[in-house]
Structure formats: structure tokens, C-alpha cells
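Here is a walk through a two-chain model, written for someone who would rather be at the bench. Have the sequence and the 3D view open as you read.

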Amino acid sequence: MSGHPPGHRAGRGRLLAGASLLVLAGCGTDSTATADGEVGGTLTVFAAASLTDVFTGLGDQLEAEHPGLDVQFTFAGSSTLATQIGQGAPADVFASADTAQMDVVADLAADEPAVFTGNALEIAVPAGNPGGVTGLTDFADPDLALAVCAPDVPCGAAAEAVFADVGITAQPDTQEQDVRAALTKVQLGEVDAALVYATDVRAAGDDVEGIPFPEAAQEPNEYPLCVLAAAPNPAAAEAFVALVRLAEGQQALTDAGFRTP
Amino acid sequence: MPVPLLVPALLAVGFLVLPLVGLVVRAPWPEIGAQLARPGVGEALRLSLVSATLATLLSLLLGVPLAWVLARSQVRGRSLLRALVTVPLVLPPVVGGVALFLVLGRQGIVGRWLFEATGFSLPFTTAAVVVAETFVAMPFLVISVEGALRAADARFEDAAATLGADRWTTFRRVTLPLVAPGVAAGAVLCWARALGEFGATITFAGNFPGTTQTMPLAVYLTLQRDPEAAIVLSLVLLAVSLATLLLLRGRWLGRGAVG
């Protein structure tokens, strides 16, 4: 199979880790000590693709607060990340887009995974809404070109749940492998509508218009987060989790369209 | 056997075969029957075999003449042409899928016109699966056939021409029989590549059970939810393709045509 290389951070991460350790050794410990212990070295965060923009910003912020800390992210589908962690990937923190994938690695968590934010489905249409889509019931129209996520991934499971709530039989033309692939079909103008997350609509910019629908609130996606028991850098992991949970992190998530659970 | 050849050869066999052994060892054998009986498995397998075969036929129809042009004609810029038509070999298939959208999608250069005139849109149809597989797999056939044409003795063609055959007759009656093993080998390579195609297919044709979900797509999506079931699906695809290739080799291709 091709496409989707799972990680692109290996070599550089190791190099940077070495460099950071040298920096730490050189600087001593005066500026990096916190209540949680020393925060420095390399922090490896595995996070759901939808968190890309917010977490990258928070990572930069944490690096600024702790000279000598290097935050490395792997963003991918939650199920892919859960599989990699199960196979021994050296992650410190795991943030999943739904509780089902967090349950997969529950035995490997250092603490009880807790929900830190949420997301809701939204209808995405190409700019100008060429298909004249008005709401969820349009997904039952066989004449429209429609994309949803495959039921095997979190956004597809959520889509099936809202269709069941509303009582319509959806007529999608394609079940995409992840939410960004569904969004791409909208951006290319190849479908009239796709069911994606509200945050994806916001991240897509002017190519895509969002149509919120009230039933989305009945099936919110909850995002849990945990430090892993085998974390190579637990002190930095705790610092990152604290940043995400506290006011600043929560504000950044709200700004990006996430919902407080 | 000389050791400098034997040792690397054994390493190569281990490298290529051990992952396969891993799949066989890790497969959930007690529940394999239940996994195979699940709805959609037969459908995905049938769709894979049909679309890969259609893609191979389409590649033969278009690719053999192209190989002839590359090997035999005196067209200027043949080297550039050869480089261009083998681009799909190096292009990441996902990019190939997006490129197909830009030409054949309903907003594409050609597809837009087709959509406006007829209301037909190619993406998300079984035809789109065949198109995506042909795009990725045809270069394998072209390269094989071109190689066979270059290796073939051109004096037979010259003799046919001397005896009064025109170029089309020469191609049909002399050249094609001469390179038949090369064409067969290329077709098998093309079929195998089409059968395993993932990136261009899931991008351009999408994924819908019964219409566009081939086995590689079914394997990838099942892997998200149930890795053991995905292993079973992979083994089915492997078994069917191996059986087909062995059967073909025995029946039609003769010895030495296919590796």
C-alpha cells in the first residue's frame, strides 16, 4: 500500500534530542526547574490530525517557556496513532479524537485519560454552494455528490449516529478514509457536500462554507488526552498536558472552533 | 553456487518473504471463516479482480501501440516522451489521484465540459477505479513491451517488408508474435500493480462498498478498526493473486515469461 507514511520525524527528532541534551548539560538546571521537576529534552506528542494547528501553537509556546525543550509532533488519524503506540512507539502524550481510540491504549496510559475538548460535525460545501445544500436531509438526495467519512474512523461513526438520530438513509458517493480527505473533495469542488468537523470547515478558509445543523450537538466528539506510562520524558509531558487543560490551551481550542465538553 | 551470490540471494528471500510469514503467523486462524463470511469481502474481491482485469485490457489496447512507437518509430523527442509516460512510476499515487481530478473531475479541464454537456461525472464510479488503476499500472506494461521490442530481432520485420507486407501487417503477423512473451509478462506485472493499487484509487474514485471499494481500500479501512480482520483480508488478496499468477504461468505464459 502507498500513501500515508506514519511518521516523518524519526531521524531529525533523534538529532534534536541529542542537541537538546547537550544544551541542557551546558546550561545547568537553573532555568528549567519547575514544580513538576525538570522540563527539557525532547517531548513527543501523538495527536489527532484535527489538532494540528492548535497543538503546534501550544508546542511553540511551551518551547518558549522552557529553553532547552524540543516539542515534536506526529499528527495522524487517531486509530493509526493508537496502533503505533500499541506497537511501542516512543510517545509521551497521546491526544485522541474520540474515546474509542483512547480505550485501545488505555492500559498504556500513566494516568486516567480525561476529555479536554470536543468537536461537532458540520456540513461543508464548496464556496457558493453549487448543490444548493440546506441541511442534513440533503444527504438523502441521490442526485447530489456527497462525501462522508468511512464508518471505521471517528468522524464516520459520528456521521452514522446523526443520520440515525434524524432518521434519514444517507446516499453518499464515497466514504473517505479520514476527515481531511472528505474536506479535500469539497475543496476540489468534486462533491456538493461533505460531513466534517466544525474545526475543519474553519481551517479550510474561503474555499469552503460551513452549514451547522442542530442535531450535531447530540453526537459531539470527545477528545481525551493522557500521558503514557512508558513516556521517555514524563516531566515535559505533564507540562504540556497542563498547558492544554488550563485557560490558555482551552482558549486556543475555542478560537479554532472546538467546543468545551 | 558462488557464496558472493548465494548469501545476498538468501538475504533477499528472507527480506521479501518474512513479512509474509508474519502475516500468516499473526492471522487469527480460528475465526478466519467468520471473517471471510462477512458481507462486503466477496464484493471487494470481485471488484478488485474485475477492475484490475479491465485496467490491464485497457493498458494492452493503448500501451502496446505506445511501446511500439517508443521502440520502433523515428518520432523526434522519443526520450522525452518515454520519460513523460513513465512519470506515474515515480509519482506518489495519491498525487496521481489529485492530478486525475484536475483533468477528469467534474471541475477538471476535460471533466467539466463532460459534466456540463451530459451531467456525467467520472469520480466515485467503478469506471474511475479502472482509470486510476490504468494510470498507475500501464507504464509497467509499456516498459516491458518496449524492452521486448528492442530485444527482438528486427531482421524478421525487414524480411516481411521485403516480401511485400505493409507495416500494419508486419506488426500483426510478425512483431506481435515475436514479442508475445514480453507482452504477457508486462500484462501480468500491470495486472498485479493494478490489483494492489491504493493511493490513486482512494483519492480519485473514493471509497464506497460495491462501487469503488477494492480490496486494498477495504484492508486499509479495516485496519483502522480491527487489525486482525485486516490481516485476513490481506491474506485473501495475496492468496488469490498468487494463485492467479501461478495458474497463468502454467497455462498460457510458458516457462520464463513471468518471474
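Two residues are in contact if their C-beta atoms, placed from the backbone, lie within 7 Å. With that in hand, start where the chains meet: the contact takes 24 residues from chain B and 19 residues from chain A. On the chain B side, helix 6 (93-104), helix 12 (199-204) and helix 13 (215-225) each supply at least two residues. Helix 13 of chain B gives the largest share of that side, six residues. By type, the side of chain B that touches chain A splits into 13 nonpolar, nine polar and two charged residues.

Keep in mind that this is a predicted model. Its overall scores are ipTM 0.80 and pTM 0.81. Here are the two chains, one after the other.

| Property | Chain A | Chain B |
|---|---|---|
| Helices and strands | nine helices, twelve strands | 14 helices, zero strands |
| Buried residues | 48% of 261 residues | 38% of 259 residues |
| Mean pLDDT | 85 | 91 |
| Residues with pLDDT of at least 70 | 85% | 97% |
| Contacts at least 24 apart, among those at least 6 apart | 77% | 75% |

**Chain A**

One stretch of chain A calls for caution: over residues 1-36 the pLDDT is below 50. That stretch still has 48 contacts in the model beyond near neighbours in sequence.

Chain A is divided into domain 1 (10-118 + 222-255) and domain 2 (121-218). Where the two domains touch, nine residues of domain 1 are in contact with nine residues of domain 2. The domain 1 side of that meeting has two nonpolar, five polar and two charged residues.

For a look at a single residue, take A:Thr44, which lies in strand 3 (residues 41-48) of chain A. Is A:Thr44 buried or exposed? A residue needs 20 or more other C-beta atoms within 10 Å to be called buried; A:Thr44 has 24 of them, so A:Thr44 is buried. Leaving out residues up to four places away in sequence, A:Thr44 touches A:Gln72, A:Pro90, A:Ala91 and A:Asp92. A:Ala76, at 32 residues from A:Thr44 in sequence, is 14 Å away in space, C-alpha to C-alpha.

**The nonpolar cores**

Nonpolar side chains tend to be buried together in soluble globular proteins. In this model the largest nonpolar core has 94 residues, and the members that touch the most others are A:Ala194, A:Val196 and B:Ala132. Which helix gives the most to this core? Helix 8 (residues 126-151) of chain B does, with 16 residues. Apart from this core lies another of 41 residues, including A:Val93, A:Val105, A:Ala235 and A:Ala237.

Back to A:Ala194: beyond its neighbours within four places in sequence, A:Ala194 is in contact with A:Ala124, A:Ala147, A:Val148, A:Ala182, A:Leu183, A:Lys185 and A:Val186.

**Chain B**

Read along the sequence, chain B is one helix after another. Its C-alpha trace spans about 65 × 65 × 30 Å along the principal axes. Among the elements of chain B, helix 8 has the highest mean pLDDT (96), and helix 14 (residues 227-253) has the lowest (83).

Now for helix 11 (residues 180-195) of chain B. At 1.5 Å a residue its 16 residues should span 22 Å, and its end C-alpha atoms are 22 Å apart, so the two agree. This helix is mostly covered, with twelve of its 16 residues buried. Among the buried ones are B:Gly182, B:Gly186, B:Cys190, B:Trp191 and B:Arg193.

Another residue to click on is B:Gly63, in helix 3 (residues 41-72) of chain B. B:Gly63 counts as buried because 27 C-beta neighbours lie inside 10 Å. Which residues is B:Gly63 in contact with, once its neighbours within four places in sequence are set aside? They are B:Met138, B:Leu141, B:Val142 and B:Val145. By contrast, the C-alpha atoms of B:Gly63 and B:Leu20, 43 residues apart along the chain, are separated by 32 Å.

Conventions: Residues numbered from 1 in each chain as written. Chains lettered and ligands numbered in written order. Predicted model: local features only at pLDDT ≥ 70, side-chain atom pairs only at ≥ 80, totals over all residues. Core = buried A, V, L, I, M, F, W, Y, C linked by C-beta atoms within 7 Å. Helix = DSSP H or I, 4+ residues; strand = E, 2+ residues; numbered from the N terminus. Nonpolar A, V, L, I, M, F, W, Y, C, P; charged D, E, K, R; others polar. pLDDT = per-residue confidence, 0-100. Expected span 1.5 Å × (residues − 1). Domains from an automatic or database assignment.
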